[in-house]
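Q: Could you take me slowly through how the helices pack in this structure, both inside a chain and where chains touch? I am in my first year, so please join the steps together.

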Amino acid sequence: MRKKTFRRSQKKKIGAPPGTLIHVGEQKEISVSINLIDYDAENLLEKEIRSVEECIESRDRPTVSWININGIHDVNTIESLGKCFDLHSLVLEDILNTEHRPKIEDYRDYIFCVLKMIQIAPDGKLHSEQVSIILGKTFVLSFQEREGDVFDGVRQRIRKKGGRIRRMGPDYLAYALLDSIVDSYYTVIERMDERIEAMEDELLLKPEPEDLEKLRLFQGDVNFLRRVTTPLPTLVSWLQRIETPLVTEDLGFFLRDVHDHAASISDSAENFRENVYGMFDLYVSSLNNRMNEVMKVLTVIATIFIPLTFIAGVYGMNFKYMPELEWRWSYPVLWAVMIGIVVGMSFYFKKKKWF
Amino acid sequence: MRKKTFRRSQKKKIGAPPGTLIHVGEQKEISVSINLIDYDAENLLEKEIRSVEECIESRDRPTVSWININGIHDVNTIESLGKCFDLHSLVLEDILNTEHRPKIEDYRDYIFCVLKMIQIAPDGKLHSEQVSIILGKTFVLSFQEREGDVFDGVRQRIRKKGGRIRRMGPDYLAYALLDSIVDSYYTVIERMDERIEAMEDELLLKPEPEDLEKLRLFQGDVNFLRRVTTPLPTLVSWLQRIETPLVTEDLGFFLRDVHDHAASISDSAENFRENVYGMFDLYVSSLNNRMNEVMKVLTVIATIFIPLTFIAGVYGMNFKYMPELEWRWSYPVLWAVMIGIVVGMSFYFKKKKWF
Amino acid sequence: MRKKTFRRSQKKKIGAPPGTLIHVGEQKEISVSINLIDYDAENLLEKEIRSVEECIESRDRPTVSWININGIHDVNTIESLGKCFDLHSLVLEDILNTEHRPKIEDYRDYIFCVLKMIQIAPDGKLHSEQVSIILGKTFVLSFQEREGDVFDGVRQRIRKKGGRIRRMGPDYLAYALLDSIVDSYYTVIERMDERIEAMEDELLLKPEPEDLEKLRLFQGDVNFLRRVTTPLPTLVSWLQRIETPLVTEDLGFFLRDVHDHAASISDSAENFRENVYGMFDLYVSSLNNRMNEVMKVLTVIATIFIPLTFIAGVYGMNFKYMPELEWRWSYPVLWAVMIGIVVGMSFYFKKKKWF
Amino acid sequence: MRKKTFRRSQKKKIGAPPGTLIHVGEQKEISVSINLIDYDAENLLEKEIRSVEECIESRDRPTVSWININGIHDVNTIESLGKCFDLHSLVLEDILNTEHRPKIEDYRDYIFCVLKMIQIAPDGKLHSEQVSIILGKTFVLSFQEREGDVFDGVRQRIRKKGGRIRRMGPDYLAYALLDSIVDSYYTVIERMDERIEAMEDELLLKPEPEDLEKLRLFQGDVNFLRRVTTPLPTLVSWLQRIETPLVTEDLGFFLRDVHDHAASISDSAENFRENVYGMFDLYVSSLNNRMNEVMKVLTVIATIFIPLTFIAGVYGMNFKYMPELEWRWSYPVLWAVMIGIVVGMSFYFKKKKWF
Amino acid sequence: MRKKTFRRSQKKKIGAPPGTLIHVGEQKEISVSINLIDYDAENLLEKEIRSVEECIESRDRPTVSWININGIHDVNTIESLGKCFDLHSLVLEDILNTEHRPKIEDYRDYIFCVLKMIQIAPDGKLHSEQVSIILGKTFVLSFQEREGDVFDGVRQRIRKKGGRIRRMGPDYLAYALLDSIVDSYYTVIERMDERIEAMEDELLLKPEPEDLEKLRLFQGDVNFLRRVTTPLPTLVSWLQRIETPLVTEDLGFFLRDVHDHAASISDSAENFRENVYGMFDLYVSSLNNRMNEVMKVLTVIATIFIPLTFIAGVYGMNFKYMPELEWRWSYPVLWAVMIGIVVGMSFYFKKKKWF
């Protein structure tokens, strides 16, 4: 129902020493696959990797090595990668734990970055996946929970000889990955935008009690989106300011660009939140409007008939001496009077816009 | 319905490398036109430009060259301008993408600034247009989505020999453009002010369910205005503090002035927002007041007739031994009693201010 | 209705070059009058000035010259004063434009300060007036929209030989003017305080639909007060920190004092705002309480009579075989039963505190 | 009704020069009494002082002199004390004006501090009193509006030879006074805590319209408490950071301790505020719940009887040919049917939990 | 009912000199027990301590000494420990006072840290316990209110020879304790998460007046959790930045890790708060929905029967000349008409979705 972000399953680790490697989260992929792309301006090597040791060679070459790991539930693979690239045990722990908030950390020899990737399933549900990126002097490691196609654009650009990405270092590659993740949020935002529009129309025209539940579910999604996107601009601007040889100065303008995108996404998420609050109010107002209308009409009907019933009651009394009862035209006159009352009251209520 | 600011159509760019030049937004003008005004204190040259190469000459002269481009959907023109003035590909991308938030960026050799211009159509709808301004050492480039008249005042001032604008550099020209954009917000704010006043009166006097929809639309406009104007004061004060040879010290007082205006506009937009919230409350309260009044009157009518109907019911009973039935004056007395009850209750309710 | 602060009539200036001198605002006084007080510890000169040139002489003397201008709609006077004291054209523009927010600006040779003076008319309406103060090396200029008596206290103190004000420089004079403006807010706050108290009592005891309108008007006043007083503490503390030869160090304690007052006034305005919100809630709750009470009483009446009417209906049926109808004491017994029902239900409802 | 904190009676001072000594506030004590305690580690002198001149001697001694003044409405006494200890006229003005917000100010030769002491009267009303403390090189002056017993603990500790307070300087004494004032807030907070608990229970179990008024009064108290306690932590942390020879370094840990207490008190006040908001909501919800319950029961009763009344009405019709009227068992059968309807509907409503 | 955090029982200390040792809080354990673990990479000594003096020896050894005290109500023990380890009297006061907010303080020779440990009892109630940790050059002191098992994991790790904790100093031990406390919050958060989910479902499906009380209790718990967890990230980041020889640089990454956890916990608590607010709204909306539904059905029933009753009333009139009364088929026709009215109205209301 609600997104229990960033905390499920942490429990089983309580008491374990920090740095203990346990996979936390759903196991989303059966087999783990590792791809290596090794390139510089001239050369390009792309291959599937079986054992982690194959990475060592390309780690030591001055070319840019991009190692992408799909599936992070295999603790052994992660651990041997960690040894191979000399990663801190806390980094490995964070990679395995998919309940993290987005963050970027500087470990001197490399920069470690955790992000969330979001997809909207055809049924409108949000699916999120954690992506960890490690930027070293000559390599970039990326860890995905399952094989995805967000990085395909980057791969294509690498394959094209002479592109900017081929001429630049691993920091530009890391930036490109970051950029394609940030870009992928736009799809989600567009879809949610359409959903909001549809819901607002529905709430305005025919609000129903069930909409309350729908709204709550949607609010959960919006809150999740906010929590995932709010830290983004800060993270990127941290990257802009950090003093590290790993990020060259040339990247400045590009980081500013991705910062702009991140800020605009985080803005949209914030707006969604206000929209949702507005929709709750709209729902209440709209339902109230409808309810009031119904009650008003019913009350008006009751109010018109009550005096009539009284009149009928009067002439149902059994007094011996009631002159009207004897009169020849009493009955039709009474009907006329009663119809007159109905017409008069209807007219009056109509004029007062009471129904 | 809602303004989908700053995100529509970004989708088609996902996966493309950063700096890819694609026009994002509505195509608002058919033909692209470029005007050049080249001036110093003594000389003034004003001409329509056909091909971008004509700009090169005036770029290299020490005079101030103002090149105004109307229509930004022609990617080729923008691209050749970019090459001619040595603009970063991210700048060109931002010029073409009309979904940006207002921002100012320092690219060392030039300052790049994106703003929104707002107009209110006669039917009260808000139309926005993106304006990009680039301030270089000897030139100012301005990009509008379509031909407008906001900059006409500046043109007039340039044509007048001896005016302050003729004696000062391109930074003052850029300031003058900024100032006329900021000034143009005042019209919008004035119009929205009148609209708020009219709506408040309507909500107070005759609230109707349809007002809910109207309020929502207006809220969308106010939010759009806020998003567009909120960054303005920060941007201007950033310009005030920036250390760049492009902005001379003499501009200080003028920037402070435009900062004041921007702050006052952003203030107004913020106030509008509170006004809109207040109007929602007003709407609910006002509708409730009316509803309550109606219900109260109807309930009072029902309450007066219920005891009367009971009395009539009593004397409609068929008991054999009911002394009142036989009595000669029962019927008129009963009428007197019933009228007395009506008068008494009306008086009581009136005194208690129940209707 | 609502205060359209800080923006009315700016429109007519759009497109004009910055620094254009146009009077913006209501013309509140017919004739412009200028007073000069020129003093040091020993001497005192006080005179009405006809032409601006008379000021030049006292400007160049080392004594303190206080020139007070009542009525600012005469652009020529302001302009020649500007030339005489070498004021920036933006300063003159700001003096003429009465729609400004309070601000203090340092123009190196002088400090320029715009404030609002507020008065409450006997009918409870707020009137505001803009006061501009310019503090130079040997002079203080003050511009009021119309002749007022707020500065009279300061004049009296200057006339008294040996007072502290006579021994100190123009910065102390400017402080004294500032202080008397800030002090004058207290009257307004006191009056609004009484108004709030009266309204709260009214809302609690006999809330009426008209109070909604009253509350909105009052909210407008409070918002105006807030906008005018909120910047005050910041402005004064800016004065405390500024490094300028125009403000001597001796003024420190006095500025801290006026800062305290400004902060306390701005606090009160902020509290008023919360009070107003509270009053809206109070109004709604109070009206609801009353409404509920009415509805409850009416419903209780209806509920008591409905069973009785049913009973009367039963014995109004025309069945041939209804033993009760024949029985001698049916009718009085039925009355007894019905009275019993009324008493019983009343008792029950009373016990349950339903009315 | 509402607390008119920090502003009452300021009016009479408007126009007076700053530093004018006028007592502002209620006169809470008839006679002014002055106590002197003069001590160092070895010696202790305690006496009642008649004329201010008696202080001079102990002022000049290197021992710690604590002069406590009860009753501040006697302007002359304050003025001569001011002369004796060379206090700034603004300080004297602040001592006399009991409408101040808590503040600490550094006057180089002494530190001036204004605080509020709060007491809860047995009837639950808040009484506040202003306490001013001046910390000089060898003396501490404390001004109370009336004789109180909050400082008695400090006096006791001074009298005990060998206590820490006797070994330390005037800064520790000032700290001890501050500490005992801050501690005294705990009583108030405890009492208000109990009051909140009692009110919440009342609101939940039997909400009544009168509670609205009670809540408002309580909210006034809470707001007063907040305004008085919110500045405390900032003031103390200002004392911690200030560089002055008057506060020795040894005091650091003690100031941190009092800062903790102040922060916890200010926290509690902030919590009270949320509690009060919560109680307003609770009141509205609780009253609504009760109201709804009442309306529901009454409506159910009406709804059950309306069909019965209709049935009775049917058999009260005077048609010549109504077979049921002639049938022998019609009447008892009808009763059975009607009782059946009542039971059925009750059962149905009960099952649906409608009452 | 509400959590009276951080203030109960402080009262009895008012007036006492600062640093007075009084146990403030519930006495949660009868006997006080002290455990000593003394270790370095090679050696490990674990023993129960009877008298405080036994600690002195291990205090002076260069090994890491961890002294854990269960039960803090025995003032004498605490006092002699204080003397033994040369602790400031304010520290001892803080250890004894269990009403403190979480804080970390630097006393140069040692760092003093107060935290709250939270447990959820099987009945869902929150129990909190104060833990104080003192980190010295060669020792770590930890004070718990009663014997708990949160530190058992740390003990196990110490016992395992060759573990990281055995190779590192007392700062790592203190970190490990901090980490296990922070980790223990996850259990609480998980439990509250489940509770929220259960309550939301309940509120949505069958809201009842009693839920208001439940919600308030839960809100109290959430507020308590927030107050306890909100300061955590700030405290840890303060530890990260502090310059002290007590915290070695190696601890940096580990502190960043615990900071992440603290921030995520504090985030969750903040989310809970929004959830609770949302649940209040949900409760109100949901109850209103149900109420409205009931009222609508009942009103519809009444509205259908009122015209029927009127018709019956008409033919109950006793006019002499009413042709319908004589007609043979009047009665069955009338029934047909009345059934027709019921069906028609039901159909109409159904179509309009009024019930």
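A: What follows looks at one pair of packed helices, then at a helix with a buried side, and then at two contacts between chains.

The model is a predicted one, and the description below should be read with that in mind. Two packed helices are described by the angle between their axes and the distance between the axes. In chain C, helix 6 (residues 170-205) and helix 7 (residues 210-229) pack with their axes 12 Å apart and at an angle of about 155°. Because angles over 145 degrees count as roughly antiparallel, helix 6 of chain C is roughly antiparallel to helix 7 of chain C. The crossing of helix 6 of chain C and helix 7 of chain C is left-handed. From helix 6 of chain C come Y185(C), R195(C), M199(C), E202(C) and L203(C), and these meet D211(C), F218(C) and T229(C) of helix 7 of chain C. Sorted by class, the residues of this contact between helix 6 and helix 7 of chain C are 4 nonpolar, 1 polar and 3 charged.

We can now turn to chain B, where helix 8 (residues 231-241) has L232(B), V236(B) and L239(B) buried. These three residues cover an arc of only 55° around the axis, and therefore they sit on the same side of helix 8 of chain B. The general background is that an α-helix has 3.6 residues a turn, so residues three or four places apart point the same way. Among the elements that cover the buried residues of helix 8 of chain B are strand 4 (103-106), helix 6 (170-205), helix 7 (210-229) and helix 9 (252-314) of chain B.

The last step is to look between chains. The contact of chain E with chain A takes 47 residues from chain E and 40 residues from chain A. On the side of chain E that touches chain A, the elements giving two or more residues are helix 4 (152-159), helix 6 (170-205) and helix 9 (252-314) of chain E, and helix 9 of chain E gives the most, with 24 residues. By class, that side of chain E has 16 nonpolar, 16 polar and 15 charged residues.

Chain E also takes part in a contact with chain D, to which chain D brings 47 residues and chain E brings 40 residues. Here helix 4 (152-159), helix 6 (170-205) and helix 9 (252-314) of chain D each supply at least two residues of the side that touches chain E, and the largest share, 24 residues, comes from helix 9 of chain D. The side of chain D that touches chain E divides into 16 nonpolar, 16 polar and 15 charged residues.

Key
Residues are numbered from 1 along each chain as its sequence is written. Chains are lettered from A and ligands numbered from 1 in the order in which they are written. This is a predicted model: local features need pLDDT of at least 70, side-chain atom pairs count only at pLDDT 80 or more; totals for chains, interfaces and linings use all residues. A residue is buried if 20 or more other C-beta atoms lie within 10 Å of its own, exposed if 12 or fewer, and partly exposed in between; C-beta atoms are placed from the backbone. Helices (H or I, at least four residues) and strands (E, at least two) are DSSP runs, numbered from the N terminus. The arc is that of the directions from the helix axis to the C-beta atoms. Two residues are in contact if their C-beta atoms, placed from the backbone, lie within 7 Å. Ala, Val, Leu, Ile, Met, Phe, Trp, Tyr, Cys and Pro count as nonpolar, Asp, Glu, Lys and Arg as charged, and the others, Gly among them, as polar. Axes are lines fitted to C-alpha atoms, for helices over the stretch in contact, and angles run from 0 to 180 degrees between N-to-C directions. Angles under 35 degrees count as roughly parallel, over 145 as roughly antiparallel, 65 to 115 as roughly perpendicular and the rest as oblique. A crossing is left-handed if the near helix is turned anticlockwise from the far one by less than a right angle, and right-handed if clockwise.
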